[in-house]
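Colleague: Could you take me closely through one part of this model, the paired strands, and tell me how they are arranged and covered?

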Amino acid sequence: MIDGKKVLFSGMQATGNLTLGNYLGALKNWVTLCDEYECFYSVVDLHSITIRQEPAELRKRARALLTLYIAAGLDPEKNCLYYQSHVSGHCELSWILNCFTYMGELNRMTQFKDKAAKHADNINAGLFTYPVLMAADILLYQADVVPVGKDQLQHLEITRDIAQRFNAIYGDVFAIPEPYVGKTGASIKSLQAPEKKMSKSDENPNASIYLMDDPDTIMRKFRRAVTDSEAQVRYNPEQAGIYNLINIYSACTGKMPEEIEKEFDGKGYGDFKTAVGESVVSVLRPLQERYTDLSKNKDYIDSVIKNNAEKADYYAMKTLRKVQKKVGFPERVR
Ligand code: TYM
């Protein structure tokens with residue numbers, strides 16, 4: 001609790017171009033939560049280097065992501081928006097938690113298996129202990145709630161296991177976080193292979209809508225989206241392509257899937273794809289405009305980066321000092 005409010009933590013990697021999946025599965029839901037929760041949203045640049053990065057590019061993308069947080073509607077006066085690498089407590093707690101996490105648990109993580117297969121030439125220890133750093137992110141702020149898309153639920157489970165294990169030994173040190181998954185948009189799929197998630201790292205640019213795509217590109221990608229030969233707009237998981245398009249349309253318009261089925265009853269896929277594309281354009285356009293404006297305001301962004309990192313550091317240190325004491329590190333004399 002901070003000032004009588006429950007605490008919320010989430011983060012996003014600044015690696016690759018953000019997709020519509022990141023927006024509908026995460027960012028869009030975040031914006032509505034700051035009245036109810038004390039919110040921390042990190043640009044998780046420490047996680048990003050588990051894959052090789054070009055340094056200048058990583059720095060640029062991290063700043064772009066922080067700017068995008070604000071453009072999406074996260075007010076930095078009400079939400080703490082900061083770079084993970086600016087708060088050293090993340091690494092310090094991560095080390096301690098490493099000593100309370102089992103190799104067997106980490107071996108079961110599907111994201112590790114996927115990434116290890118994709119980057120077989122660089123299966124580094126950071127990639128393996130990635131979920132422990134994520135647990136540290138969350139537990140450092142005593143987060144009660146963590147909004148994520150479905151692909152991150154396994155990491156939330158291990159976070160809870162680590163926290164419970166630690167608490168069982170040392171008393172109630174950590175709050176046990178609950179995942180928060182949005183009703184729509186929690187699992188946006190590739191437009192080209194709708195059984196896979198829409199991913200920043202997809203090699204086929206037609207598979208993903210990027211948040212900075214212009215309207216023509218968006219419409220073209222939706223026209224090319226893979227569907228089926230049923231010729232019926234039905235919310236049926238077996239029609240994976242159409243099912244995904246309904247989820248996207250639903251998340252962008254607020255309409256329920258049944259309503260959408262009715263709206264397109266007797267109409268062809270062409271009409272439906274156009275409507276989905278237009279709904280996405282109208283959601284992304286204001287975001288893009290605000291992003292362009294904000295990017296010009298260097299001093300403002302710099303001040304957000306500084307002030308919010310200080311705030312995050314304050315709360316992070318409170319937990320870290322408590323944990324250090326619990327595990328038996330000598331008291332600090334300075
Ligand atoms: P990342 O950067 O891969 O994704 C950021 C958020 O976007 C969601 N997401 C999706 N949601 C729906 N459909 C999709 N196709 C889709 N793709 C991505 C993710 O579920 C996530 O919520 N490890 C995390 C970042 C992280 C974190 C944390 C998150 C680090 N520490 C602590 C929560 C709490 C990651 O790589 O997310």
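Modeller: What follows is a close look at the strands, beginning with the one in the middle of the account.

This is a predicted model, in which local features need pLDDT of at least 70, side-chain atom pairs count only at pLDDT 80 or more, and totals for chains, interfaces and linings use all residues. Residues are numbered from 1 along each chain as its sequence is written, and side-chain values use heavy atoms, with hydrogens and water left out. Strands here are DSSP runs of E with at least two residues, and helices are runs of H or I with at least four, both numbered from the N terminus.

Strand S2 covers residues 37–43, and seven of its seven residues are buried, so S2 is largely enclosed by the rest of the structure; buried means under 20% relative accessible area, with exposed over 50% and partly exposed in between, using a 1.4 Å probe and protein chains only. In a regular strand the side chains alternate between the two faces of the sheet. In S2, Tyr-37, Cys-39, Tyr-41 and Val-43 point one way, while Glu-38, Phe-40 and Ser-42 point the other way, and all of them are buried.

One partner of S2 is strand S1 (residues 6–12), and the two pair in the parallel sense over seven bridges, where pairing requires that DSSP finds at least two bridges between two strands. Within this pairing, Phe-9 has Phe-40 of S2 as its bridge partner, and Ser-10 stands opposite Tyr-41 in S2, so that these positions on S2 can be followed directly in the view. S1 is itself mostly covered, with five of its seven residues buried.S2 also pairs with strand S3, again in the parallel sense, over five bridges. Here Cys-39 of S2 has Asn-79 in S3 as its bridge partner. Strand S3 takes in residues 79–83, and five of its five residues are buried, so S3 is largely enclosed by the rest of the structure. Both of its faces are covered, with Asn-79, Leu-81 and Tyr-83 buried on one side and Cys-80 and Tyr-82 buried on the other.

To draw the part together, S2 pairs in the parallel sense with S1 and with S3, and the residues pointing either way from S2 are all buried.
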